[in-house]
Amino acid sequence: MKKRVLLLCIFSCALSVWGQNQDSEDIVKTGWNVGLLPAIAYNSDLGFEYGAIVNLFNYGDGSNYPNYDHSLYLEVSRFTKGSGIFRAYYDTQYLIPNIRLTADLSYLPDEAYDFFGFNGYESVYHPDWEDDTSDDYKSRMVYKYQRNLFRAKADFQGGISGENFRWIAGAAVRNFDIAPVDIEKLNKGLDKEDKLPSVDEQPGLYEKYLNWGLIPEDEKNGGTIASVKAGLVYDTRNTVQNPSKGLWTEAVLVGSPSFLSDESFIKFSLTHRQYHSITKSLTFAGRFGYQTTLSGHSPFYFQPLMITSVYTGAWNEGLGGQRSIRGVNRNRIVGDGFVYGNFELRWIVWRFNIGNQNFYLGLNSFFDTGRVTDEINISPAQSDEQSDPYFDPGSESLHHSAGLGLKIAMNWNFVLSVEYGQAFDEQDGDSGLYIALNYLF
């Protein structure tokens, strides 16, 4: 079982109680402001997590507040058994005149990356297999493999007509290093009854897919994907973080040329976001996304990635999990193409000032949904082991979840988010608790 504690969550809740100026007017911010978040977590398999998040915002002379001139996000956090986040992210419209730049440099080692097969419900999920209290228990790592991801990307946006209609172009390099779960490392320090079986004794789904030939031999250890991006953006949001009105739509092509990468393909992504103010403090926010492969072959390790111009967290992949369908298992819905929707009511409950800082306490309720639209051809052999209990051809349909969230924001842009999502179908898992920064979109 995972247990996660973020000290700043408790600290910020206390600050909201102490704040004296309910529904106070904002203090216009200028110059540099710092958001600091210590991260402490524990996972029985991955170990103790420790680290810190720093988000620096520069508001210039304050004329654009609550929008910022520069945002620099730095995160260093690590589990004692190897997983972690090492990330730098920069967003500005002022470094290059009339060009918005977003740049990301990350190293994301993951000792237990989720893998539930392909095509959503067509790959059957057995929660009892990873439940060590069940009579059908196999291993807590039965739906995991080891993945270390290095990512470097930069996106540029410039005006076509006015401030709202823009072109977007970018480039990225990702290196995926994949292997079976390192059981020996994860077993260090565990009591005998808690130790995991080896992958030779109990192969996980990743090992099964390798044996069945569903993951090609030249993809099993990962690879390097260099890609370029081009597209159009229409953006009328009134603020960057938690807008109350406007549209934000982007359509992009991402191509990976064969002379730069281990695979060659072209993907298309369309993402539409819309914000509507119901009352002064209540906003409806909706997001619709569609992504598919137009040509070539996308390797299995690239398929979970969601293409977008702006990352609101270290990972932007799924479907399923913190950044797509909250409450559904991470990467539960993986295909060659997929569609998804997120619908939220966002309520700013209380605005207050502490010292020279603006705060607000917010709540949100949400409904998330999505499904595979273009399947990955797995064509399993017709042995009993492969057809049952692993596969259920033709069963893919919409995956749903719903939940609630708490937001504590400082100066509108440093937003601590706590969300709980519940899956509608046990085939998608049970629920998820997520503590991170920023709104989903």
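**Fold, burial and salt bridges in a predicted model**

User: How many helices and strands are there in the chain of this predicted model?
Analyst: The model is a predicted one, and its secondary structure includes both kinds of element. In the chain there are four helices and 17 strands.

User: What radius of gyration does the chain have, and why can it be called as compact as a globular protein of its length?
Analyst: For 441 residues the globule rule gives 22 Å, and the value for the chain is close to this, so the chain is as compact as a globular protein of that length. Along its principal axes the C-alpha trace spans about 65 × 50 × 35 Å, and 56% of the 441 residues count as buried. The radius of gyration of the chain is 22 Å.

User: Why is helix H3 described as largely enclosed by the rest of the structure, and which residue just after H3 takes a positive phi?
Analyst: Helix H3 covers residues 205-212, and six of its eight residues are buried, so the helix is largely enclosed by the rest of the structure. The buried residues in H3 are Leu205, Tyr206, Glu207, Lys208, Tyr209 and Trp212. Just after H3, a positive phi of about 80° is taken by Gly213.

User: Which residue meets Arg140 in a salt bridge, and is Arg140 buried or exposed?
Analyst: Arg140 has a relative accessible area of 12%, which is under the 20% limit, so Arg140 counts as buried. Its partner is partly exposed, with a relative accessible area of 42%. The two side chains meet at 3.3 Å, N to O, and the partner of Arg140 is Asp132.

User: How many residues apart are Lys229 and Asp155, whose side chains meet in a salt bridge?
Analyst: The side chains of Lys229 and Asp155 meet at 3.3 Å, N to O. This pair links distant parts of the chain, with Lys229 in strand S9 (residues 222-235) and Asp155 in strand S7 (residues 144-161). Lys229 is buried at 11% relative accessibility, and Asp155 is buried at 2%. Along the chain, Lys229 and Asp155 are 74 residues apart.

User: Which residues are joined into one network with Lys407 and Glu419 by salt bridges that share partners?
Analyst: Lys407 and Glu419 form a salt bridge, with their closest N and O atoms 3.0 Å apart. Glu419 lies in strand S16 and Lys407 in strand S15, so the pair ties together parts that are twelve residues apart in sequence. Glu419 is buried at a relative accessible area of 6%, and Lys407 is buried at 0%. The residues joined with this pair into one network are Arg326, Glu344, Arg346 and Asp368.

Notes:
Residues numbered from 1 in each chain as written. Predicted model: local features only at pLDDT ≥ 70, side-chain atom pairs only at ≥ 80, totals over all residues. Heavy atoms only, no water. Helix = DSSP H or I, 4+ residues; strand = E, 2+ residues; numbered from the N terminus. Rg over C-alpha atoms; globule rule 2.2 N^0.38 Å. Buried < 20%, exposed > 50% of the residue type's maximum accessible area, 1.4 Å probe, protein only. Salt bridge = Lys/Arg side-chain N within 4 Å of Asp/Glu carboxyl O.
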